[in-house]
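Hi everyone, and thanks for coming. Let me put a structure on the screen, and then I'll walk you through its inner spaces and the strand that sits beside the protein.

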Amino acid sequence: MFRSQLTQRLLDAFTSAQIEIPEGFAPSVVLASDTRFGDYQSNTAMALGKHLRTNPRALAQTIADHLKVDDLCEKISVDGPGFLNFTISKPALQSHLCDICQSDRFGVPTVTEPRNIVIDFSAPNVAKPMHVGHIRSTFIGDSLARVARFLGHHVTTDNHIGDWGTQFGMILHGWKTLLDHDALAKDPIHELVRVYKIINAAAKDDESLREVCKAELVKLQQGDAENHAIWTECVRLTMIQLDKVYDTLGVTFDYALGESYYNDALGPLVDDLLAKGIASVSEGAVVVFSDGSVKPEEDPFLTRDKDEWKAAPCIVRKSDGGFLYPTTDLATIDYRINEWKADEIWYVVGQPQQLHFRHIIAVTQRRGIDVKLVHVAFGSIQGEDGKMFKTRSGETVGLLEVIDEAIDRARTAAAEKDPSLSGDALEEIARIIGCGAVKYAELSQNRMTDYKFAWDRMLSLQGNTAPYLINAYVRTRAIFRKLGEDFAMPAALQITEDAERGLAMKLAQFAEATHDILIDHRPNTLATYLFELADCYHSFYEACHVLNSTGITRDTRLTLCQATSRVLKQGLNLLGIQTTERM
RNA sequence: GCGCCCGUAGCUCAGUGGAUAGAGCAGCGGAUUUCUAAUCCGCUGGUCGUUGGUUCGAUCCCAACCGGGCGCGCCA
């Protein structure tokens with residue numbers, strides 16, 4: 001990839017010019033902010049000039065004099081206060097274009113140090129429907145897994161299902177008193193949710209009902225045969241429906257080890273925390289307090305109240321002996337390290353749980369465990385009014401409803417545009433475009449942005465959307481259908497038109513776009529790239545006729561189409577979005 | 001009260017210590033006998049919440065304030 005190649009040449013130039021690089025200073029090359037100046041630029045001279053107290057412009061010139069980039073650039077220049085600008089040569093672009101068409105890596109290098117990465121995402125609850133809140137975790141997690149794998153990391157995906165919460169007290173009681181078995185057979189989750197909601201609402205101001213539910217929960221936890229059988233059935237029924245949802249979405253997991261999987265590990269874990277002095281007993285509960293090892297304002301176990309610091313402990317065992325969310329998460333870390341040799345664990349979980357993960361990360365550190373834990377947080381889902389999208393009373397927008405609606409709209413649109421489509425072919429197109437539209441609506445946003453739920457925006461088939469990108473792909477395929485023969489890499493290429501060059505340049509940046517995703521765990525950077533690529537392709541498509549051209553021009557344009565086709569398909573695939581040959 | 005996240009065009013959102021802050025949608029005006037019109041080109045539209053500070057340079061970093069969202073000992 002040009003960016004890292006140029007960065008390396010920059011380093012070589014420093015050596016050759018005998019420029020001392022200060023500790024912790026890394027020269028960088030970035031895409032040109034204004035393409036009039038070139039394709040890539042380096043602001044290093046200005047930053048370094050500050051460090052070394054020298055004139056940045058003169059420093060830039062010195063670097064430029066020592067740069068050896070003839071094989072990559074047709075021009076380098078020093079501009080303004082010390083910008084170093086690079087213009088990639090056409091032979092270098094043409095050569096990279098061949099790479100994209102011929103290599104199964106699309107010209108994208110793998111990482112130099114592959115890691116064992118566990119990605120924890122989606123995490124729906126048993127007996128509760130997946131709602132829009134699960135969209136981000138599921139899509140972001142799936143995309144990050146695809147990207148990390150493509151870049152050469154060893155990835156294990158694990159769906160940490162909520163199969164052991166306190167909600168089971170209510171579900172068990174509801175099952176025994178309110179369950180409609182016919183309804184359960186028809187739509188299990190719907191029926192389970194129905195009874196859960198009724199009990200939950202009733203328990204709100206009914207102390208004795210809460211006690212009944214709690215008793216059911218305790219029986220379950222103590223291994224009562226009847227309650228355990230009901231619980232097992234709830235989990236089984238839920239998993240069947242979840243599998244259907246994931247199948248439709250094209251999301252897969254290597255494992256789906258729910259919270260219950262770690263039940264036996266929780267007691268010993270708490271004992272260990274106590275034995276090591278990390279946790280202590282407080283008011284009957286086992287909690288982790290601050291150990292004073294970091295500044296109070298950075299300590300997740302402290303919170304300020306007026307002028308004094310108050311404890312914000314992490315509770316790992318309740319005073320009644322029950323375990324909590326943090327306990328399970330800690331036990332899960334042990335398992336992932338022991339069984340999967342995890343170097344890193346990424347949690348794709350909403351921003352509101354930030355404090356929880358700060359606790360988990362701090363406790364893990366204090367246990368002396370060497371693992372990189374990353375909370376890949378995302379903003380909340382809000383209604384059109386900007387308020388939290390709550391699931392309690394009123395209509396919940398389920399994940400399935402969103403997907404079904406999207407598929408319906410896509411089907412209608414596709415049938416209208418191409419009346420010859422029907423049956424399975426139409427269904428397949430509708431599913432790909434409908435799911436793709438919903439996924440892309442999520443993944444094209446910065447994950448930290450609070451998301452305002454809006455059907456129209458999500459399902460719009462125009463603008464910066466999956467259908468637009470898929471359409472660009474379809475156009476590339478249409479050309480090859482019309483060509484009537486398989487694409488064969490021509491012997492020579494010659495880029496001449498601006499639109500050709502612009503497209504080739506954008507194609508070459510696929511490598512950078514993919515690698516950049518993992519810097520901040522943000523798929524939206526790839527979405528932006530793909531949109532720009534589709535844009536370049538459409539401009540090229542308008543400006544440069546492919547099949548009517550001849551000779552080397554035609555060869556070059558066909559190669560551009562082939563490369564675009566491959567990159568769009570692969571790029572969308574990394575977002576979890578499929579492509580279709582027609583639409 | 002304390003903490004975290006956010007505040008950018010009418011709406012929905014990108015973006016970065018650097019060169020003139022960008023898209024999509026909406027609005028307006030053009031193109032097109034198609035390699036499929038889910039397309040392209042152009043125009044209109046901004047005090048980057050406010051005020052200070054650091055810097056050669058701040059929308060970006062720091063501080064305070066305003067506004068919105070979320071969280072804060074036995075739910076997950």
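**Cavities, a pocket and an RNA strand**

Let's start inside: the structure holds two cavities of 30 Å³ or more. This is a predicted model, where local features need pLDDT of at least 70, side-chain atom pairs count only at pLDDT 80 or more, and totals for chains, interfaces and linings use all residues. Residues are numbered from 1 along each chain as its sequence is written, chains are lettered from A and ligands numbered from 1 in the order in which they are written, and side-chain values use heavy atoms, with hydrogens and water left out.

What do I mean by a cavity? On a 1 Å grid over the protein atoms alone, it is a set of points where a 1.4 Å probe fits but cannot get out, while a pocket is an open set with protein on both sides within 12 Å along at least five of seven lines; lining residues have an atom within 4 Å of a point. Grid points are joined across faces, edges and corners, and a volume is the space filled by probe spheres set on the points.

The largest cavity has a volume of about 60 Å³. Its lining includes Thr248, Leu249, Arg431, Cys435, Lys439 and Gln578. Which element gives the most to this lining? That is helix 15, with five residues. Helix 10 (225–249) and helix 15 (423–443) each supply at least two. Helices here are DSSP runs of H or I with at least four residues, strands are runs of E with at least two, and both are numbered from the N terminus. By class, the lining of the largest cavity has four nonpolar, five polar and two charged residues. For these classes, Ala, Val, Leu, Ile, Met, Phe, Trp, Tyr, Cys and Pro count as nonpolar, Asp, Glu, Lys and Arg as charged, and the others, Gly among them, as polar.

Now to the second largest cavity, at about 40 Å³. Arg136, Ile140, Glu442 and Pro523 are among the residues that line it. Helix 5 (133–150) and helix 15 are the elements that give two or more residues here. Three residues of this lining are nonpolar, two polar and three charged.

On to a pocket: the second largest one has about 360 Å³ of space. It is lined by 13 residues, and Ala413, Ala414, Lys417, Leu461 and Met583 lie nearest its centre. Helix 14 brings the largest share of that lining, six residues.

Next, RNA strand B. There are 68 residues around the strand, with Arg36, Phe83, Lys318, Thr449 and Arg522 coming nearest (a residue is near if one of its heavy atoms lies within 4 Å). Of the strand's atoms within 4 Å of the protein, 62% belong to sugar or phosphate and the rest to bases. Two atom pairs are worth pointing at. A polar side-chain atom of arginine 36 lies 2.4 Å from a base oxygen of RNA strand B. With valine 546, a backbone N or O atom lies 3.2 Å from a base nitrogen of the strand. The surface near RNA strand B divides into 25 nonpolar, 25 polar and 18 charged residues.

Finally, the overall picture. Chain A has 21 helices and 15 strands, and its C-alpha trace spans about 80 × 70 × 45 Å along its principal axes. Of the 583 residues in chain A, 51% are buried (under 20% relative accessible area, with a 1.4 Å probe and protein chains only).

Notes:
Polar contact = N/O pair within 3.5 Å; in protein donor to acceptor, adjacent residues only side chain to side chain. Buried < 20%, exposed > 50% of the residue type's maximum accessible area, 1.4 Å probe, protein only.
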